[in-house]
Amino acid sequence: MRTMDKIMQNNEKFDLLVVKDLVKYFPVRAGLLQRVVGQVQAVDKVNLRVKAGETLGLVGESGCGKTTVGRAILRLIEPTSGEVSFNGEDIIKMRPRALKEMRRNMQIIFQDPYASLDPRMPIGESVMEGLNIHHIGTHKERFQIMLDTLKKVGLEDYHARRYPHEFSGGQRQRIGIARALALNPKFIICDEPVSALDVSIQSQVLNILKDLQGEFGLTYLFIAHNLSVVEHISDRVAVMYLGKVVELADRDELFRNALHPYTKALMSAIPIPDPTLKRERTILKGDVPSPLNPPKGCRFHPRCPIADSICSQQEPEFREAAPDHFVACWKA
């Protein structure tokens, strides 16, 4: 039986991104002197590896720490501890100048494209902003890169002069993709890029992402809570619960043979397009515990339908239950 640590050590040279024991706690302050009285354990010892050219889906309930993982990887928020290695270089230890250069290769598409765009800036200037910051080419060359990038996401030259409020939600998300793509990165974090869009627009944006991945050899960390979307775009899927990864497997293997009871509950909630077919639902009891005071042992045990006494006493090891299928569960 192999643990995740051993797998990561053996395969690290083949991975574009390696995340080891990533931790992010947010201090809770109270009182007149604003002393720290607790820690919100948003992310607790997350281990991930992403191979070049693949899409790793990261799923879980709202508030489980998915977005925090993505932002901590890019150091948009500083991790409490852990290691993040991109292309063999440790991002956590980088000085500001080196980190700025590294970010040309690592971009993010935000969940709310309108909030991430400057309402007073034409979208052409927003797409060119990264090019200007990194002093890529002449102004004429940067302008042409911007126009070419807009066309790759389905927008036209005249759109460059318009402002964010003049676009629909789907068009604004295309602008967000264009802005991430303009610097020609190797790795893009997609932070729920289609969750706020209509279903028909979701498929268009997902197809754009897949086409761009094939054209430019991009690597994605795709964060979502919609398992149908994750199944469509991902090569492998990691499932998070309350700050921890509880299952990780190849997409087809995970959807065919989920091992963790939390993953099974998520799978049972996926709608079936055929009204004549019914799926047996697994209804979880109770609410998600607070990350300020997570349960001892397995964090899922208060809601788990098959929990045993050991589940509330000892935390299960994240182990390989089948080839390249990892799970943190005493009963799996």
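Me: Which residues are linked with D44 in a network of salt bridges?
Reply: This is a predicted model, and its side chains put D44 in a network of salt bridges. The other members of that network are K244, R299 and E315.

Me: How far apart in sequence are the parts that the D44 and R299 pair ties together?
Reply: The side chains of these two meet in a salt bridge, 2.6 Å from N to O. D44 sits in strand β2, while R299 is in the loop between α11 (261–268) and β11 (319–322). So the pair ties together parts separated in sequence by 255 residues.

Me: Are R49 and D15 buried or exposed?
Reply: R49 makes a salt bridge with D15, with the closest N and O atoms 3.9 Å apart. R49 belongs to strand β2 (residues 35–51) and D15 to strand β1 (residues 15–30), so the pair ties together parts 34 residues apart in sequence. Buried means under 20% relative accessible area, and R49 and D15 are both buried.

Me: What about E78 and R75, which of them is partly exposed?
Reply: Their side chains meet in a salt bridge at 3.1 Å, N to O. R75 has a relative accessible area of 14%, and under 20% counts as buried. At 40%, the partly exposed one is E78.

Me: Which residues touch the most other members of the largest nonpolar core?
Reply: That core holds 55 residues. One of its top-touching members, L209, contacts I109, I177, C190, P193, Y220, F222 and I233, leaving aside neighbours within four places in sequence. The residues that touch the most other members are L150, I177, L209, L212 and F222.

Key
Residues are numbered from 1 along each chain as its sequence is written. This is a predicted model: local features need pLDDT of at least 70, side-chain atom pairs count only at pLDDT 80 or more; totals for chains, interfaces and linings use all residues. Side-chain values use heavy atoms; hydrogens and water are left out. A nonpolar core is a set of buried Ala, Val, Leu, Ile, Met, Phe, Trp, Tyr and Cys residues joined through side-chain atoms within 4.5 Å. Buried means under 20% relative accessible area, exposed over 50%, partly exposed in between (1.4 Å probe, protein chains only). Contact means heavy atoms within 4.5 Å. A salt bridge is a side-chain nitrogen of Lys or Arg within 4 Å of a carboxyl oxygen of Asp or Glu. Helices (H or I, at least four residues) and strands (E, at least two) are DSSP runs, numbered from the N terminus.
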